[in-house]
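Subject: Structure handover

Hello,

Please find the structure below, with the sequence alongside. My notes on what was found follow it.

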Amino acid sequence: MKHSDFCTHIKNLEDKDILTRQLFDVNMRLFETSKEYREIIVSTCQYLTWLSKTPKEGYKNPHGFSGANAGIPFNIIAVNRGNTDIMINPKILKSYGTKIESESNCGSLTLEKPIKIIRDEFIDIEYFTIAGNKKIEKKIGRGQGGLTIQHEIQHNLGILITDKSLEKV
C-alpha cells in the first residue's frame, strides 16, 4: 500500500496534510538573531524530545519523533541514540552500502503489525544542533540510529513507511 492509498484512511485532514508534505526548514538566520524565534524553536525541540521518550498506545518504545509526527511544520527530529539527539534541518547527504530489509512500524500510523521495508545500510547526514552549530555525521549505520534517522527525515519530507513497504499493508 502506498501512502496515497493509506491516506484515504486518515480521517483528519490536518493529519493527512502534515504527514504527506515536506516541512519547512528552520530559518537559521532568524534562529541566531531573533530571541523570540529562537524560543519557539527551542521549545519545539524540547517538546519533540519529550515525545520521543514517551510511550504511546500502539507504540510503546519510540526510537524518535519528527515534526510531522507532532503536527509541527518545522523540519526538526528527535532521535534516541542513548541520549536524545535533536537535529534541526536534517538532511541525508549520501546513502550507501547494502540495502537493508527490516521491519518497521510508525507512531503516526500505528499499523496492526510492523511491515517490511528497505533502508540504506549507511548514511551521511548534515544538521544543526540546538546550539546553532552545523554538524556532519558520516557512515551512520543501524547501531548508531541510522534506520531511525532515515525514517524521521523521510517523515519530514512527506514520505511514509508505507512508501517503503515490500508487502501489501
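The protein chain has six helices and five strands. Please keep in mind that this is a predicted model. Along the sequence, the elements come in the pattern α-α-α-α-β-α-β-β-β-β-α. Of the 169 residues in the protein chain, 47% are buried. The chain exposes about 9,200 Å², and carbon and sulfur atoms supply 50% of that area. Among the contacts with a separation of 6 or more, 65% are between residues 24 or more positions apart.

The sheet

The five strands form an open sheet in the order β1-β2-β3-β4-β5, with antiparallel pairing. Its edge strands are β1 (64-66) and β5 (134-140), each of which pairs on one side only. On average, neighbouring strands of this sheet are turned by 35° against each other, direction ignored. As a general point, strands of a sheet pair through backbone hydrogen bonds, in either a parallel or an antiparallel sense.

Strand β2 covers residues 76-81 and strand β3 covers residues 83-104; the two pair in the antiparallel sense over six bridges. Two of the positions can be looked up directly: N80 stands opposite T84 in β3, and A78 has I86 in β3 as its bridge partner. The hairpin of β2 and β3 has one residue between the strands, and G82 takes a positive phi near 90° there.

On to the next pair of strands. β3 and β4 are also antiparallel, and they pair over twelve bridges. Here I88 stands opposite F128 in β4.

Helices against the sheet

Two helices can be described by the strands that they lie across. Helix α4 (residues 35-53) lies across β1, β2 and β3, and runs at about 40° to β2. Helix α6 (residues 146-156) lies across β1, β2, β3, β4 (115-128) and β5, and its angle to β4 is about 80°.

How many of the residues of α6 are buried? The count is eleven of eleven, so by the cut-off of under 20% relative accessible area the helix is mostly covered. The buried residues of α6 include G146, L147, T148 and I149 at one end, and Q154, H155 and N156 are also buried. The charged residue E152 is buried in α6 as well. Just after α6, G158 takes a positive phi of about 85°.

Salt bridges

Across the whole structure, a search finds six salt bridges. In general, side chains of opposite charge can pair when their charged atoms come close.

One of the salt bridges joins D85 and R81, with the closest N and O atoms 2.7 Å apart. Are these two residues buried or exposed? Neither word fits, because D85 has a relative accessible area of 23% and counts as partly exposed, and R81 is likewise partly exposed at 23%.

Another salt bridge is formed by the side chains of K91 and E126, at 3.6 Å from N to O. This pair links distant parts of the chain, with K91 in strand β3 and E126 in strand β4, 35 residues apart. K91 is partly exposed, with a relative accessibility of 42%, whereas E126 is buried at 14%.

E126 forms a salt bridge with K134 too, and there the closest N and O atoms are 4.0 Å apart. K134 is exposed, with a relative accessible area of 53%. Salt bridges that share partners also join R81, D85 and E137 into one network.

Where to look

For a first pass, I would open the views in this order:

- The open sheet, following β1-β2-β3-β4-β5 from one edge to the other.
- The hairpin of β2 and β3, with G82.
- Helix α6, which lies across β1, β2, β3, β4 and β5.
- E126, with its salt bridges to K91 and K134.
- The network of R81, D85 and E137.

Regards

Conventions
Residues numbered from 1 in each chain as written. Predicted model: local features only at pLDDT ≥ 70, side-chain atom pairs only at ≥ 80, totals over all residues. Heavy atoms only, no water. Pairing = 2+ DSSP bridges. Helix = DSSP H or I, 4+ residues; strand = E, 2+ residues; numbered from the N terminus. Axes fitted to C-alpha atoms, helices over the stretch in contact; angles between N-to-C directions. Contact = heavy atoms within 4.5 Å. Buried < 20%, exposed > 50% of the residue type's maximum accessible area, 1.4 Å probe, protein only. Areas by Shrake-Rupley, 256 points an atom, 1.4 Å probe, with all protein chains shown as cover.
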